[in-house]
Every structure is written in structure tokens, then in C-alpha cells.
Amino acid sequence: AVRYVDQGAVAWTKERQCVSCHTNGTYLQMRPALTPLLGKPQKEIRDFFVAELKQMRAKPLSELKGGIRPTQVAYVAAGLAEWDAHVTGQLSDATRSALDLMFKVQSENGAWGNTRCWPPFESSDYQAATVAAMAIATAPGYYQALSPAHSEQVKRLRQYFSDTPPAHDY
């Protein structure tokens, strides 16, 4: 099973060359936690996420706030945070950069704007917000050292969750 999941994430990444929540996004968000049982996840996927982060940082913020981009930014941050938490045990510069970028594309309502898709794809602002929340909570030492500005953004995220019911079970 692990070989199937590992190979599937690599195949998607090589063929599609994008971060997608239903394949390599979820892979890097979940697979690192299994490192003690199954060994390290595919470093190739982490390397791809770091390369994607570099490309994302070169784009104007207005471009990163449209379509499914906010969700992709959140998945990059979440995947890198999980890698740091479960593989290296320390916050990397790449993860810090991804989280900082993630906050820059946060919507005013506290969520991460998203083109509406159908589950299990990038399905709602709520789903993207849960990915972002997991990234913030997982990155080693990041939450404890939030800047005042990011602390305010986390408050908006919490308020969003308090005020907004999930769009669906997914």
C-alpha cells in the first residue's frame, strides 16, 4: 500500500507538474506522520514543493489569490510543515517562507479563497482553511513564535471557523 501511495504521488508530480490536494498535496500533508512506521516519504515530492514555493513567491500576490492558488499555497505550507515535524524535527527556512506566503494570501474573512470544486478536490474555502490551520499548528515552533500580525490573522481564522459551517462532510 505504501509503495502504491508513494509511486502515485511521484507519478502525479512528474506528469502534472502541479500541487493538487487530492494527490501530492494530501500525500505530503499525511505521509510524513508515518515515517516512524514506514520510513521517510519521497524526498522528490518535498523537493518539488520547495521548487513550487520558489515559483509562487515570484508571482504577484493578486495571481496567488485567484482560482485554486490559495489552496495550493496552503498545501505547500502544510506539506513542508509535516515534513519538518515528522522527518527533520525542526522548522526549515522553506517551511517558514511557505507559511509566511500562506498568510499573505489569506482572505479578509479569515479563510483562504478558492474556486468552488467538488470533493475531494479543492472544494471550498473551509477546506482550504483547515489545511492552513493544520500547517500553522504542525510547523515546529512556528505557532509559538507568531508575529503580532500573524496572531491577528490566526484570530480571523478562528473566527471564520466559529462563524462558518463546513460546506460538506469532506
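This talk goes through one helix, three salt bridges and one pocket in the structure above.

Before anything else, please keep in mind that this is a predicted model, and that the residue numbers I use run from 1 along the chain as its sequence is written.

Let me begin with helix H8, and with one residue inside it. Alanine 129 sits in helix H8, which covers residues 125–138, and because its relative accessibility is 0%, where buried means under 20%, alanine 129 counts as buried. What is alanine 129 in contact with, once its neighbours within four places in sequence are left aside? The contacts are Ala111, Trp112, Leu157, Tyr160 and Phe161. For one of these, leucine 157, we can also give a backbone distance: its C-alpha atom and that of alanine 129 are separated by 7.3 Å, although the two residues are 28 residues apart along the chain.

If we now step back to the helix as a whole, the burial of alanine 129 turns out to be part of a wider pattern, since 10 of the 14 residues of H8 are buried, so the helix is largely enclosed by the rest of the structure. Among those buried residues are Asp125, Tyr126, Gln127, Ala128, Val131 and Ile136. Which helices do the buried residues of H8 pack against? They pack against helix H2 (21–30), helix H6 (69–88), helix H7 (93–104) and helix H9 (148–163). As for its length, the 14 residues of H8, at 1.5 Å a residue, should span 20 Å, and the end C-alpha atoms are 20 Å apart, which agrees.

The same helix brings us to the pocket. The largest pocket holds about 170 Å³ of space, and of the 14 residues that line it, the closest to its centre are Tyr75, Gln127, Thr130, Val131 and Tyr170. The elements that give two or more residues to this lining are H2 and H8, and it is H8 that gives the most, with 5 residues. In character, the lining of the largest pocket divides into 8 nonpolar residues, 6 polar residues and no charged ones.

Charged residues do come in when we turn to the salt bridges, of which a search of the whole structure finds 6. I will describe three of them.

In one, glutamate 44 pairs with lysine 14, with the closest N and O atoms 3.8 Å apart. Glutamate 44 lies in helix H4 (residues 43–58) and lysine 14 in helix H1 (residues 2–16), so this pair ties together parts that are 30 residues apart in sequence. Glutamate 44 is partly exposed, with a relative accessible area of 35%, whereas lysine 14 is exposed, at 53%.

Another salt bridge joins aspartate 47 and lysine 43, whose closest N and O atoms are 2.9 Å apart. Here both residues lie in helix H4, 4 residues apart, which is about one turn of the helix. Aspartate 47 is partly exposed, with a relative accessible area of 35%, and lysine 43 also counts as partly exposed, at 49% relative accessibility.

The last one I will mention is between lysine 155 and glutamate 152, with the closest N and O atoms 3.3 Å apart. These two residues are 3 residues apart in helix H9, and so are separated by about one helical turn. Glutamate 152 counts as partly exposed, at 44% relative accessibility. An α-helix has 3.6 residues a turn, so residues three or four places apart point the same way.

Terms used:
Predicted model: local features only at pLDDT ≥ 70, side-chain atom pairs only at ≥ 80, totals over all residues. Heavy atoms only, no water. Buried < 20%, exposed > 50% of the residue type's maximum accessible area, 1.4 Å probe, protein only. Contact = heavy atoms within 4.5 Å. Expected span 1.5 Å × (residues − 1). Salt bridge = Lys/Arg side-chain N within 4 Å of Asp/Glu carboxyl O. 1 Å grid on protein atoms, 1.4 Å probe; cavity = no way out; pocket = protein on both sides within 12 Å on 5 of 7 lines; lining within 4 Å. Points joined across faces, edges and corners; volume = space filled by probe spheres on them. Nonpolar A, V, L, I, M, F, W, Y, C, P; charged D, E, K, R; others polar.
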